[in-house]
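Here is a short briefing on side-chain contacts and internal spaces, written for someone who works at the bench. Have the sequence and the 3D view open as you read.

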Amino acid sequence: MKINFLTFNPNEKSGSYRIWVRDLSLTLNEIEYDSKIFTSVKELILEKDTDVIILCKSAYVAASEVRKHFLKAKIGAINIPCNHIDETIDFVIVGSPEEYASMSLYENVFIYPLIERKFENIKIKKHLEKETLDFCFHGHCPHLFKFEPFLRHALEEFNKIKKVKLKIITGNKNFDWKRGRPDIDIEVFDYDENFVEIIKSCDIGLVPNVTDIRLFVQDIQKITSADFGLYDTDYFLRMKNKTNAGRAYVFYQLGVPVIHDMSPSSFELMSKTGYTICAHDSLSYIREFKKLSDCNIRNKIAESNKKMFEEYYDPHKHANKLIQKIRRIN
């Protein structure tokens with residue numbers, strides 16, 4: 001079976017390309033499928049015997065053109081907008097239950113977790129007792145707004161109990177972060193710097209994905225109705241339809257415990273480890289900070305997370321499942 005990828009932007013800094021194109025193509029070859037990556041339709045059409053064509057985030061707009069040359073091939077797309085309609089696309093690959101539910105315009109939607117191959121076979125961090133507790137965030141800088149207000153406040157308050165430092169790894173080291181920035185010691189790194197070493201120098205991973213919409217709609221909490229099951233103690237959350245656990249995966253792979261937020265993908269991970277480590281408001285974050293201040297607890301969780309991740313997130317197993325689902329498309 002020949003499975004080829006088309007991308008117009010083979011950018012290693014793009015997680016969509018790195019994980020769902022480069023790494024997935026590598027994995028397919030390792031399990032004895034024939035897979036190549038192409039950067040133009042002109043190159044791709046020379047592979048006349050292609051069975052499956054997967055269009056990267058940068059190339060899904062070329063689906064109709066690709067179909068003209070491959071009438072019998074199955075055409076898939078990665079990371080497309082949930083409101084994009086194209087009848088020439090046979091299946092869509094997504095990274096989470098959140099994105100799966102949002103792709104209701106398509107019949108065949110398959111989850112392939114955002115597993116980073118480059119973090120395989122790396123020894124996990126050994127946690128030691130230390131004076132400063134180092135927190136880590138890695139990801140696209142707009143996610144940092146989601147520190148506001150609860151995570152920001154929790155870090156500032158906990159800093160009065162125990163000295164803390166926040167290490168940020170992002171693609172734009174010079175971003176202007178104002179809303180949500182805690183008044184604590186902060187150090188910022190580029191992705192190109194010693195990523196693994198920076199992550200493993202930290203004690204706790206932070207992966208904020210949700211926004212509390214009371215920041216924008218202040219009176220929403222006042223809308224209550226016992227008849228409709230609406231109470232002033234409800235959660236008020238907003239999240240991207242493409243929300244996923246990919247940033248948490250990296251911490252699991254490298255042995256850094258994560259404090260999850262209330263996004264659905266978080267609960268998938270916690271249900272597999274047996275550890276409920278999550279927060280939303282400031283007090284719940286502070287509770288988890290206190291718990292994870294103990295290096296023995298962090299080591300226990302790190303070992304459990306790594307074992308679970310290797311069992312449930314093996315890229316070869318997930319690639320095989322993906323191919324079987326593609327085969328069943330009529």
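**Side-chain contacts and cavities at a glance**

F158 is buried, with a relative accessible area of 2%. Please keep in mind as you read that this is a predicted model. The structure holds 13 aromatic pairs, 26 salt bridges and zero disulfides, and a search of the whole structure finds three cavities of 30 Å³ or more.

**Aromatic pairs**

- Let us begin with F158 and F289, whose ring centres lie 5.4 Å apart with the planes at 65°, so this pair is edge-to-face.
- F158 belongs to helix 5 (residues 150-158) and F289 to helix 9 (residues 282-292), so their contact ties together parts that are 131 residues apart in sequence.
- Like its partner, F289 is buried; the relative accessible area of F289 is 0%.
- Y191 and F195 make a stacked aromatic pair, with 5.6 Å from centre to centre and 20° between the planes.
- The two members of that stacked pair fall into separate classes: Y191 is partly exposed at 31% relative accessibility, whereas F195 is buried at 10%.
- Which residues do ring pairs link into a cluster? They are F135, F158, Y285 and F289, so the edge-to-face pair of F158 and F289 sits within this cluster.

**Charges over rings**

- F195 has a charged neighbour too: the charged end of K118 sits over the ring of F195, 5.8 Å from the ring centre.
- A second case involves K272, whose charged end sits over the ring of Y312 at 5.4 Å from the centre of that ring.

**Salt bridges**

- Side chains of opposite charge can pair when their charged atoms come close.
- E12 and R22 form one of the salt bridges, and their closest N and O atoms are 2.3 Å apart.
- E12 lies in the loop between strand 1 (2-6) and helix 1 (15-30), while R22 is in helix 1, so the pair ties together parts that are 10 residues apart in sequence.
- Both ends of this bridge are partly exposed, E12 at 39% relative accessibility and R22 with a relative accessible area of 25%.
- E47 and K36 meet through their side chains in another salt bridge, at 3.5 Å from N to O.
- Here E47 comes from the loop between helix 2 (41-44) and strand 3 (52-55) and K36 from strand 2 (residues 34-38), so the bridge ties together parts that are 11 residues apart in sequence.
- Is each partner buried or partly exposed? E47 is buried, with a relative accessible area of 13%, and K36 is partly exposed, with 37%.
- E47 and K36 also take part in a network of salt bridges that links K2, D34, K36, E47 and D49.
- E120 and R117 supply a further example, their side chains meeting at 2.6 Å from N to O.
- In that bridge E120 is partly exposed, with a relative accessible area of 27%, and R117 is buried, with 11%.

**Cysteines**

- A disulfide is a covalent bond between the sulfur atoms of two cysteines.
- The count of disulfides in this model is zero.
- C202 is in no disulfide, and the nearest cysteine sulfur, that of C136, is 4.1 Å away. The cut-off for a disulfide is 2.5 Å between the sulfur atoms, so this distance does not qualify.
- C202 is buried, at 0% relative accessibility.
- C278 is in no disulfide either; for this residue the nearest cysteine sulfur is again that of C136, 20 Å away.
- C278 counts as buried as well, at 15% relative accessibility.

**Cavities**

- Rolling a probe the size of a water molecule over the atoms shows where empty space is left.
- What is the volume of the largest cavity? The value is about 110 Å³.
- The lining of the largest cavity is made up of 14 residues, and K146, F150, V210, H280 and Y285 are the ones nearest its centre.
- Y285 thus appears in two places in this briefing, since Y285 is in the aromatic cluster and also in the lining of the largest cavity.
- Helix 5 and strand 11 (211-212) each contribute at least two residues to that lining.
- F158 of the edge-to-face pair lies in helix 5, one of the elements that help to line the largest cavity.

Technical notes: Residues numbered from 1 in each chain as written. Predicted model: local features only at pLDDT ≥ 70, side-chain atom pairs only at ≥ 80, totals over all residues. Heavy atoms only, no water. Phe/Tyr/Trp six-rings, centres within 6.5 Å; stacked < 30°, edge-to-face > 60°. Helix = DSSP H or I, 4+ residues; strand = E, 2+ residues; numbered from the N terminus. Buried < 20%, exposed > 50% of the residue type's maximum accessible area, 1.4 Å probe, protein only. Lys NZ or Arg CZ within 6 Å of the ring centre and 35° of its normal. Salt bridge = Lys/Arg side-chain N within 4 Å of Asp/Glu carboxyl O. 1 Å grid on protein atoms, 1.4 Å probe; cavity = no way out; pocket = protein on both sides within 12 Å on 5 of 7 lines; lining within 4 Å. Points joined across faces, edges and corners; volume = space filled by probe spheres on them.
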